[in-house]
Amino acid sequence: MPRPTIIGTLIRRIDMHHSSAGKNKDYRITISEESPGQYRVYTEHGPAGRLNQGQEKTKNVVSYSAAETLADKLRDDKRNQSDAYQVVSDRMLAQPTKPTPPPRARVSAESLSPASRAALTTIF
């Protein structure tokens, strides 16, 4: 599988390295923001200094918290496998965009019950 094309703004990158008898390889986990509130997680791996394979780990866009959870799980799985990888760096490259909540519908005072209107007039 070739190296994936990462779409969007890079938010977080975790670089890992493994070296043992006869092995010298790198692994990278990347979270990217495709559009506000929509994220994807990618992995890349290959010989040290030459990431040449990888894949997208999210099949659809996910929330930032889901992307963070997946990235942390992938990192922990690599650290705990028999060929244990070491985290070289774990960097936030940009802040995730906070999704804007939908606008609230305004309610006129006339639509409130008389008791509610009376309670509001005592406040103001």
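Q: Before we get to pairs, what counts as a salt bridge here?
A: A salt bridge is a side-chain nitrogen of Lys or Arg within 4 Å of a carboxyl oxygen of Asp or Glu, and please keep in mind that we are looking at a predicted model.

Q: OK, and how many salt bridges turn up in the whole structure?
A: Searching the whole structure gives 12 salt bridges.

Q: Which residue does Glu 44 pair with?
A: Glu 44 forms a salt bridge with Arg 3, and the closest N and O atoms of the two are 2.4 Å apart. This pair links distant parts of the chain, since Glu 44 sits in strand β3 (residues 38-47) while Arg 3 belongs to the segment before β1 (9-20), with their positions 41 residues apart.

Q: Is Glu 44 buried or exposed, and why?
A: Glu 44 counts as buried because its relative accessibility is 2%, where the cut-off for buried is under 20%. Its partner Arg 3 has a relative accessibility of 42% and therefore counts as partly exposed.

Q: Switching to Arg 12, what does its side chain meet in helix α1?
A: The side chain of Arg 12 meets that of Asp 72 in a salt bridge, at 3.0 Å from N to O. Arg 12 lies in strand β1 and Asp 72 in helix α1 (residues 64-80), so the pair ties together parts that are 60 residues apart in sequence.

Q: And which partner does Arg 12 have in strand β5?
A: That is Asp 90, whose side chain forms a salt bridge with Arg 12 at 2.7 Å, N to O. Here the link runs from strand β1 to strand β5 (residues 86-92), and the two residues are 78 residues apart.

Q: Which other residues get joined in through shared partners?
A: Salt bridges that share partners put Arg 12, Asp 72 and Asp 90 into one network with Glu 68, Arg 75, Asp 76 and Arg 79.

Q: How accessible are Arg 12 and its two partners?
A: Arg 12 is buried, with a relative accessible area of 6%, whereas Asp 72 is partly exposed at 23% and Asp 90 is partly exposed at 36%.

Q: New topic: how many residues are in the largest nonpolar core?
A: The largest nonpolar core has 12 residues in all, among them Ile 11, Ile 31, Tyr 39, Val 41, Ala 67 and Ala 71. The elements giving two or more residues to this core are β1, β2 (23-35), β3 and α1.

Q: What is Ile 31 in contact with?
A: If neighbours within four places in sequence are left aside, the contacts of Ile 31 include Ile 11, Tyr 39, Val 41, Ala 67 and Ala 71, and also Arg 12 and Glu 68, and those last two belong to the salt-bridge network.

Terms used:
Residues numbered from 1 in each chain as written. Predicted model: local features only at pLDDT ≥ 70, side-chain atom pairs only at ≥ 80, totals over all residues. Heavy atoms only, no water. Helix = DSSP H or I, 4+ residues; strand = E, 2+ residues; numbered from the N terminus. Buried < 20%, exposed > 50% of the residue type's maximum accessible area, 1.4 Å probe, protein only. Core = buried A, V, L, I, M, F, W, Y, C linked by side-chain atoms within 4.5 Å. Contact = heavy atoms within 4.5 Å.
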